[in-house]
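Student: I'm new to this one, and I'd love a friendly tour. Could you show it to me?

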Amino acid sequence: MHLEEIHRILETIERTCLRSVLATITRVEGSAYRKEGTSMLFLEDGSQIGVLSAGCLETELAACVPDILETGVSRRFVFNMQSSDPLSWGEGPGCGGVVHVTMEPVNDRFADHLCTLKHYLDQHIEVMLVKSFASDGSVAAYGFLTGNRHLFGEWEGQFPQAFFDWMSSGDLRRSGMRFVSSMQSDVFVHTYYPKPRLIIFGAGPDARPLAAFAAAAGFSVVVSDWRPVLCDRRYFPDAESILLGFPEETIRMIECTPNDYAVVMTHHFQRDQQLARLLSERQLRYLGILGSKRRTERLLEGVTFPMKVHFPVGLAIGAEGPEEIAVSILAELIHRKNRKPEVVIHEAE
């Protein structure tokens with residue numbers, strides 16, 4: 001799963017009064033800078049959220065925004081970056097691919113549906129988008145689907161049963177265009193995932209750059225510590241929440257899920273040991289413990305975990321100092337996150 005700007009885009013749509021156009025990569029033939037499902041928002045004041053390329057497509061797309069806002073009609077653009085023709089898109093970027101981009105005006109109805117999408121993602125629920133197209137490339141209809149088949153969007157529950165049968169056939173391993181025989185048309189399918197959540201146990205100075213870098217990379221960050229002098233909002237302005245309390249107190253405030261990431265870095269052996277035992281009762285996607293291999297082995301003695309424990313935490317890049325260590329940890333988190341299969345839709349418990 002690639003990193004998406006969709007969360008920033010949805011936050012912008014929810015709060016802005018400006019008209020906007022949503023651009024989404026729906027097909028990639030060959031190689032390209034970004035993949036299917038990547039979105040970007042163009043606002044009428046010229047501001048932009050997200051990127052679709054290394055800068056070679058955005059200017060052309062931005063020039064089309066006024067016309068799309070004026071007509072209120074979606075459009076499809078095809079950028080051929082394979083050609084060696086100096087007048088083509090192939091000369092500058094050299095990506096060697098063909099990129100299909102759909103641009104849709106965000107009218108009131110579409111904005112309402114996108115805000116509903118944000119609501120589900122904020123509740124840690126995955127949502128699938130299915131979009132069909134007219135012969136001219138404009139969007140004919142779309143629907144958003146959750147794991148319990150709750151459907152919202154322009155289809156509003158009108159998917160044929162054959163479509164759900166097709167969904168369960170396992171043909172959803174990646175985002176992109178699919179031909180659905182039951183609908184007799186190509187559809188674009190993409191799954192939106194909630195923000196991955198990083199829980200940092202320990203609010204020392206070395207936790208501050210990790211929290212900031214992780215938030216910038218798209219993680220929802222929770223910081224937990226029992227020391228008020230450290231566990232202070234001014235040190236973690238980008239964290240979603242700050243939990244002040246001892247491990248046995250704050251662990252009860254967190255409903256851990258198999259999609260969560262946790263790093264233990266209190267620099268207090270007994271607290272780290274206590275946290276390890278408490279977290280051994282949870283199923284996490286990633287658990288890392290800061291400290292030397294020998295220290296962590298002592299800390300984990302007699303404790304069995306349902307998942308792998310990463311220690312020393314982070315990729316082995318010879319990191320020194322809080323910022324470099326934060327980079328090594330975040331790199332390992334991203335590596336782990338991007339191995340997630342893009343297939344299953346399920347409800348959070």
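Tutor: Gladly! This is a predicted model, where local features need pLDDT of at least 70 and side-chain atom pairs count only at pLDDT 80 or more, while totals for chains, interfaces and linings use all residues. Residues are numbered from 1 along each chain as its sequence is written, and side-chain values use heavy atoms, with hydrogens and water left out.

Student: Which elements do the buried residues of H1 pack against?

Tutor: Helices (H or I, at least four residues) and strands (E, at least two) are DSSP runs, numbered from the N terminus. In H1, residues 6-15, the buried ones (under 20% relative accessible area, 1.4 Å probe, protein chains only) are Ile-6, His-7, Ile-9, Leu-10, Thr-12 and Ile-13. Their packing partners, by contact (heavy atoms within 4.5 Å), are E1, strand E2 (39-43), strand E3 (48-49), H3 and E10.

Student: What is the strand order in the open sheet of six strands?

Tutor: Strands of a sheet pair through backbone hydrogen bonds, either parallel or antiparallel. Two strands pair here if DSSP finds at least two bridges between them. The pairing is parallel, and the order is E13-E12-E11-E14-E15-E16.

Student: Which are the edge strands?

Tutor: An edge strand pairs on one side only. That description fits E13 (241-244) and E16 (309-310).

Student: How many bridges join E14 and E15, and which residue stands opposite Val-263?

Tutor: E14 covers residues 260-264 and E15 covers residues 286-289. They pair in the parallel sense over four bridges. Opposite Val-263, in E15, stands Gly-288.

Conventions:
Buried < 20%, exposed > 50% of the residue type's maximum accessible area, 1.4 Å probe, protein only.
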